Amino acid sequence: MKKTIAAALAALPVAFVATAAPAADVISRRDTVPTYQESDQRGGVRIGYLDCSIGGGVGYVLGSAKEADCVFKSTMGSEPLDRYTGVVRKMGVDLGFTTRSRLIWAVFAPTAGYHHGSLGGLYQGATAEATVGAGIGANILVGGTSGSIHLQTVSVTGQLGLNVAATGTSVTLSPADM
């Protein structure tokens with residue numbers, strides 16, 4: 001009998017904690033549920049990603065030019081995909097070759113809206129890459145249209161090939177014909 005009472009008393013704090021902990025997380029209907037929206041330094045809201053496939057090619061010591069096919073993917077599931085074509089030009093030390101590359105940028109806007117073709121324009125900056133088989137690169141690019149939608153300044157590139165590059169870089173994007 002004493003063991004049964006002792007076991008019941010020992011279980012009492014566990015039962016109390018198990019029922020009290022979820023009660024601390026209960027949100028009443030009057031409370032607003034906070035929503036998270038990632039912002040950048042300019043006060044914008046991330047509205048999606050621009051995913052670019054960059055064609056392979058050879059770096060000719062002083063530079064290269066490669067075609068890019070990009071797709072804007074909205075974080076709001078109902079938005080349609082928006083396609084862009086473009087050229088990535090590098091001027092500087094660019095030695096070796098790549099078979100293909102992929103570049104992904106976060107897209108920001110002051111509000112959660114997006115219009116077809118908003119990402120078209122000229123982006124300029126610098127790139128550093130190193131590839132032996134599989135490699136990575138970092139890009140610091142600014143520009144685009146004078147509109148309020150813009151790409152994240154720093155982006156990362158993944159690529160296959162044998163390449164080393166430290167260049168001034170420009171990316172020109174145009175809305176693709178649908």
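1. How many helices and strands are there in the protein? The protein has one helix and five strands, taken as DSSP runs numbered from the N terminus, with H or I over at least four residues for helices and E over at least two for strands, and from the N terminus on the elements run α-β-β-β-β-β.

2. This is a predicted model, in which local features need pLDDT of at least 70 and side-chain atom pairs count only at pLDDT 80 or more, while totals for chains, interfaces and linings use all residues. Residues are numbered from 1 along each chain as its sequence is written, and side-chain values use heavy atoms, with hydrogens and water left out.

3. Of the 178 residues, 34% count as buried, that is, under 20% relative accessible area with a 1.4 Å probe and protein chains only. Among contacts (heavy atoms within 4.5 Å) with a separation of 6 or more, 74% join residues 24 or more positions apart.

4. The largest nonpolar core, a set of buried Ala, Val, Leu, Ile, Met, Phe, Trp, Tyr and Cys residues joined through side-chain atoms within 4.5 Å, has 20 residues, and Leu 50, Trp 105, Val 107, Leu 119 and Leu 173 are those with the most contacts inside it. Two or more of the core residues come from each of β1 (45–74), β2 (82–109), β3 (121–143) and β5 (154–175), with the largest share, seven residues, from β1.

5. Leaving aside residues up to four places away in sequence, Leu 50 touches eleven-strong company that I list only in part, including Cys 70, Phe 72, Tyr 84, Trp 105, Leu 151 and Leu 173.

Conventions
Buried means under 20% relative accessible area, exposed over 50%, partly exposed in between (1.4 Å probe, protein chains only).
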